[in-house]
Amino acid sequence: MNPRTFHEGSSTDTEKRESFLNRVAESLKRPRRTEPVRRPDWKHTVHLDTLADRTPEQLVEILKEQCFFIHTQVIESTPALLQSTLDDLIDGYGGGPLIRSGDPRFTEYGLSFSGDFVWSEQAGRQENIRRAEAANIALVFADYTLAESGTVVLLSRPDQGRALHFLPAHYIAVIERKSIVPRSTQAMTDLNRRIESGEDIGSCINMISGPSNSADIEMQLVVGVHGPLRATYVLI
Amino acid sequence: MSMQTDKRDFDTRTADGIGDAFMRGAVGSAQDSLKTRRLTAATSLGDWERWRELGQQIRQHTLENLDYYLEQMADNVERRGGHVYFARTKEEASGYIRDVVQSKQATKVVKSKSMVTEEIEMNQVLMKAGCEVIESDLGEYILQEDDWDPPSHIVAPALHKNREQIRDVFASKLSYKGDETPEHLAGFARKVLREKFLEAEIGITGCNFAVANMGAINLVTNEGNGDLTAALPKTHIAVMGMERIVPTLEEMEVLDNLLCRSAVGQKLTSYITVMGPREEGESDGPEEFHLVIVDNGRSEILAGEFWEALQCIRCGACLNVCPVYRHIGGHAYGSIYPGPIGAVITPLLGGYDEYKELPYASSLCGACTDVCPVKIPLHEQLILHRQNIVSQGRTGAIDRAQMKAAGKLLSSPRMFRSTLRLANPMTKFMSKHGRVVRGPAPLSGWIGVRDMPQPVKERDGFRTWYENRTKKEGGRLP
Amino acid sequence: MKVSIFSTCLVDLMFPDVGKAMVEVLERLGCETDFPASQVCCGQPTYNSGYLEESKQAMINMMRAFEHSDYVVGPSGSCIAMFHEYPHIFKGDPQWEMKAIALKEKSYEFTQFIVRVLGVSDVGARLEGSATYHRSCHMSRLLGETETPFLLLENVDGLQLEPLKNSDNCCGFGGTFSVKMPEISEQMVDEKSACIAETGAEYLISADMGCLMNIGGRMSRTGKPIKIMHIAEVLNHASPANIRPSAAKGGAFL
C-alpha cells in the first residue's frame with residue numbers, strides 16, 4: 001500500500017469500503033441500506049426513568065454518597081467561599097505547580113491563583129503537555145455532573161485539552177449545583193441533541209469518575225495508576 | 001500474539017490449568033468477588049432484566065443495520081478529517097497499521113488494551129517492522145514484560161499471576177528493587193510508562209463502541225491509559241471489530257452502563273471517553289486519526305446462525321461466573337477469547353480444526369446466558385456448535401456409535417424396557433456391594449472418581465412397583 | 001386432579017424410591033396419578049451432545065406418550081427444563097411444533113407443581129435434622145424455578161436448613177459433560193462437596209437426581225459422610241400424625 005493514499009481517498013480505498021459494506025449487506029441477506037435508518041422506539045425506558053424523580057437536594061446526597069465509593073473527596077463550598085476553599089485544598093495537596101483550564105467561569109467567580117498555568121491554544125501542544133506533566137494539581141470546571149456515578153463530564157476545547165485531566169498528580173473539579181443531573185442518560189441525551197443540531201462540541205468528551213485505578217494485580221484495588229492519584233470535587 | 005495462544009491439545013492445556021494451584025486460587029477468588037460486585041451493581045438498578053432487554057435490542061438493531069451505521073461512521077470520521085480503513089482480513093488490518101506507522105517513520109508505539117489488536121497479530125507485525133510496542137494497561141504491561149505471556153481474561157488479563165510473580169518479572173526485566181505490594185508495583189509501572197507515553201509517536205487503542213452519528217470512538221477504562229494513548233502521540237490509530245458500533249451517544253450510554261456494571265461492578269468506570277481527531281484550535285489529541293474497521297470472519301458470523309454472538313460487548317461477565325473457567329483458567333482455552341464467549345467465538349473465528357473441543361468445555365449450566373448483559377444465548381450456541389461438529393462428522397466413531405445407539409434406545413419404549421430388565425444382571429460383574437466399580441469408557445471416567453449405584457433389579461424398580469399397586473387397586477394400566 | 005407421572009431414566013434405573021415418594025406425596029395431596037408406560041427419556045443426553053436427529057426421535061416419543069395427559073410431573077428440574085425446550089427445537093415443524101408447546105405448557109417439576117398448581121406449601125412432612133439444599137442449574141436457570149423447593153422445605157417440621165456457599169455454581173454433572181470431561185467435572189464436584197461438607201449438614205437435598213448422584217457419588221468415594229435425599233423423599237417423610245391429606249383437595253392456581 002502506498003502511504004500517500006492516507007491523505008486523499010483513492011479509488012482503491014473507495015472500492016474497498018464499498019466491497020466491505022456490500023459484503024455486510026450480503027451477510028444480512030438484503031440490499032445495502034442507503035436510506036437513513038431511524039432508531040426504533042426502544043422497548044424500555046429504564047435508563048430515562050432511573051433516578052429521574054429525584055429532587056436537586058436528593059441528587060447532591062446521591063453524588064456525595066457515590067463519591068465515597070470512588071475514593072473521591074467532596075467539599076461543599078459557596079461561590080463566595082470558593083477562592084479560599086480552593087486555596088486551602090491546593091495547600092493541602094502540597095501546593096503547585098497548578099495547571100487549570102481557561103474556562104470563563106474562573107473569571108466569573110473572580111478566581112485567581114498565583115503562579116498557575118492556563119491551558120491555552122497560544123501555549124501550543126508541547127508547552128501545554130509539558131506543563132500538565134509537571135503539574136501537581138489540575139483544576140477544572142465540570143460541564144455536567146452525574147449524581148449516580150459521581151462523574152464530572154468535560155468537553156475538550158482550545159482552553160481545555162485532553163491531557164489536562166490525566167497528567168497531573170491531583171485533580172480538582174469544581175461542580176456547580178446546577179450542572180448536576182441524575183445520571184449519564186441526561187448528559188448524553190443533551191449532548192446528542194447538541195450534536196444533531198449541528199453544534200460543534202469539541203473532539204473529546206471526558207467522563208471522569210474519581211481518580212485513576214487498577215485491579216490488575218490480584219484484583220486488589222490500587223488507586224492512582226496512569227492518571228491522577230487523588231481526585232476532589234468542590235461543590236458550589 | 002495471535003488469537004491462538006497455545007498450540008498444544010486441549011487435554012494438555014486443561015491438565016496444566018488444573019495443576020496450577022495459584023492460578024486456580026486467583027481465579028476462584030476473583031470470580032467470587034466479581035460475581036458479588038456485578039450482582040450488587042445490577043440489582044441496584046432495580047430492573048436489570050429490562051436493562052438487558054434494552055441492551056439486546058440496541059445491539060440487534062445496530063447489527064441489523066450494520067452497513068448503514070458503518071458507512072455513517074466512516075463518513076463522519078472523514079468529515080472530521082480522520083481516515084478510515086476497512087480491513088477484510090487480519091493481514092490487511094495489521095498491514096495497514098504497519099504502513100501508517102512506517103509512513104510517519106515512527107518506531108515508538110504505545111497502546112492501550114484491545115482484544116482485536118491481539119486477534120490481528122498487530123504487535124508481531126509492528127515489532128517485525130522494527131517498532132517498540134508498549135502495552136500500557138497495567139495487566140498487559142506485566143504480561144508483555146513476562147515475555148508476552150498470553151492474557152487469561154478479557155478484562156483482567158494478568159488474573160493468573162500473583163504479586164510475587166509480578167515482582168519477579170519487574171525485578172528481572174526492569175531492575176525493580178521494591179517489594180510485592182500492589183501499590184509499589186503499580187507506582188513503578190506508572191513511572192516507567194509515563195516516559196513511554198510522552199515519547200510515543202503513535203498511539204493505538206481499541207474501541208469499545210464507535211458512535212456513528214459523531215464519527216467518534218468510545219473508550220471505557222479505569223487506569224486512564226487509553227486516554228493518554230489518544231491524547232499525547234500525534235497519531236492515533238483506533239482498531240475496532242466491525243460490530244462494535246452504536247447509532248448515537250444515547251445508545252452508547254446504555255451499553256456503557258451495562259458494560260461497567262457487568263465487567264467490574266462499577267456504576268461507571270473512572271474514565272469513559274468519546275474521542276475523535278483533534279479539532280482546530282485544540283492543542284493535544286491526534287493530528288492524524290485512523291480508524292481501522294476489521295471484519296476478519298465477522299461477516300460470516302453475521303450471515304449464519306451464530307449472529308447473536310456479535311452482540312458481545314466484551315464485559316467478561318460470562319467468564320466470571322463460569323464454573324469450567326474457574327477450574328481450568330483462561331490459558332486452557334488456547335485463545336485470547338476464553339470462557340463461554342470464547343468457546344462460542346473462537347471456533348467461529350479460528351475453525352473447528354483447532355478448536356472443536358471448546359464447545360464441550362461447558363456443563364451447560366447456563367450461568368453465562370443468565371449473566372450476559374445483552375442476552376446472548378451462550379449455552380444454546382454451545383449446543384449449536386456441538387450439532388455442527390456432529391453434522392460435519394467431526395466426532396469420533398465410538399462417540400457416534402454410542403450416541404446413535406442411545407438415540408435408538410431413548411426413543412424405543414420396548415428397548416428401554418429390556419434395558420431396565422437387563423441393566424442389573426449385566427452390571428453384576430462390574431459391581432460390588434450395590435455399586436458399579438469398573439466399566440468401559442465412557443463410564444470409566446465417571447466411576448474412576450465417584451461411586452455409582454448399580455441399577456436395580458427389575459422387580460425392585462419403580463415401574464414394577466407402580467404397575468403392581470395399580471393392579472392391586474384394580475386400576476387400569478395406561 | 002389427574003397427573004401423569006414422568007419418572008425419568010435415572011429413577012427408572014437406579015432410584016425407585018424417589019419415584020415412589022413422588023407418587024405417594026401427590027396422591028396424598030389429592031391427585032389421581034397414571035403412568036404412561038411408553039415414556040422413555042426427555043432426550044437430553046443426546047441433545048446436549050449435539051446429536052439433534054437422534055434426540056428428536058426420543059422427544060417425539062415423549063410427546064406421544066403424554067399426549068392425553070392433563071399434567072405431566074417429574075422429579076427433575078433438568079428433565080422438565082428439557083421438555084420446555086421442545087417448542088424451540090421443533091419450531092416451524094408442522095407436525096410437532098404445536099404438540100411441543102402443549103407438552104411444555106402442562107409439564108411441571110414436582111415441587112413446582114405442588115406449589116404453583118396445587119397451591120400447597122406445607123405438605124405436612126417431618127424430618128428431624130439439618131440439611132443443605134443444592135439448587136440444580138437447569139431447574140433454577142433454564143426452568144427458572146428458584147423458590148418452590150425452599151418454600152416446601154421451610155415447612156418441613158424439624159428440618160433445619162443450612163445455607164450453602166457458592167450455591168449457584170454447577171456441581172459438575174452436566175450429563176454427558178461428566179463423562180466427556182471427567183477431569184474438569186471432578187474439580188467442580190470436589191469444590192461443591194467441600195462447600196457442602198462445610199455446612200455440617202446431615203442431609204443433602206436436591207430436586208435433581210443427576211446432581212445428587214454426582215455429588216453423593218463423589219462424597220461417598222472420598223469418605224465424606226452425608227445422607228442424600230431427593231426432595232420428594234423428604235416431603236414423603238412423615239409421621240402419621242402429620243399427614244394432612246385434605247390439605248390440597250381441589251387445588252389452586254397461582
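Two residues are in contact if their C-beta atoms, placed from the backbone, lie within 7 Å. The legends below describe a predicted model.

**View 1. Helix 16 of chain B and the helices that cover it.** Contacts with the buried residues of helix 16 of chain B come from elements including helix 13 (298-303), helix 14 (317-321), helix 15 (323-328), helix 17 (352-355), helix 18 (367-371) and helix 19 (378-391) of chain B. Eleven of the twelve residues of helix 16 of chain B are buried; among them are Gly339(B), Pro340(B), Ile345(B), Pro347(B) and Leu349(B). Helix 16 of chain B covers residues 339-350, and at 1.5 Å a residue these twelve residues should span 16 Å; the end C-alpha atoms are 15 Å apart, so the two values agree. After helix 16 of chain B comes Gly351(B), which has a positive phi, near 90 degrees.

**View 2. The contact between chain A and chain B.** Chain B gives 82 residues to this contact, and chain A gives 70 residues. On the side of chain B that touches chain A, 37 residues are nonpolar, 24 are polar and 21 are charged.

**View 3. An open sheet with strands from chain A and chain B.** The sheet has eight strands in the order 8(A)-5(A)-6(A)-9(A)-9(B)-6(B)-5(B)-8(B), and its pairing is mixed. Strand 8 (180-181) of chain A and strand 8 (245-246) of chain B are the edge strands, each pairing on one side only. Where do the two chains pair? Strand 9 (residues 204-208) of chain A pairs with strand 9 (residues 271-275) of chain B in the antiparallel sense, over five bridges. Cys204(A) has Met275(B) as its bridge partner there.

**View 4. Strands 5 and 6 of chain A, with helix 7 of chain A.** Strand 5 (residues 144-146) and strand 6 (residues 151-155) of chain A run antiparallel and are joined by three bridges. Opposite Leu146(A), in strand 6 of chain A, stands Thr151(A). Helix 7 (residues 184-196) of chain A lies across strand 5, strand 6, strand 8 and strand 9 of chain A, and runs at about 150 degrees to strand 5 of chain A.

**View 5. The two domains of chain C.** Domain 1 of chain C takes in residues 2-117, and domain 2 of chain C takes in residues 126-235. Their C-alpha centres lie 22 Å apart. The contact between them uses 26 residues from domain 1 of chain C and 22 residues from domain 2 of chain C. Helix 7 of chain C supplies the largest share of the domain 1 side, six residues. That side of domain 1 of chain C divides into 14 nonpolar, nine polar and three charged residues.

Methods
Residues are numbered from 1 along each chain as its sequence is written. Chains are lettered from A and ligands numbered from 1 in the order in which they are written. This is a predicted model: local features need pLDDT of at least 70, side-chain atom pairs count only at pLDDT 80 or more; totals for chains, interfaces and linings use all residues. Helices (H or I, at least four residues) and strands (E, at least two) are DSSP runs, numbered from the N terminus. The expected span of a helix is 1.5 Å times one less than its number of residues. A residue is buried if 20 or more other C-beta atoms lie within 10 Å of its own, exposed if 12 or fewer, and partly exposed in between; C-beta atoms are placed from the backbone. Ala, Val, Leu, Ile, Met, Phe, Trp, Tyr, Cys and Pro count as nonpolar, Asp, Glu, Lys and Arg as charged, and the others, Gly among them, as polar. Two strands pair if DSSP finds at least two bridges between them. Domain bounds come from an automatic or database domain assignment. Axes are lines fitted to C-alpha atoms, for helices over the stretch in contact, and angles run from 0 to 180 degrees between N-to-C directions.
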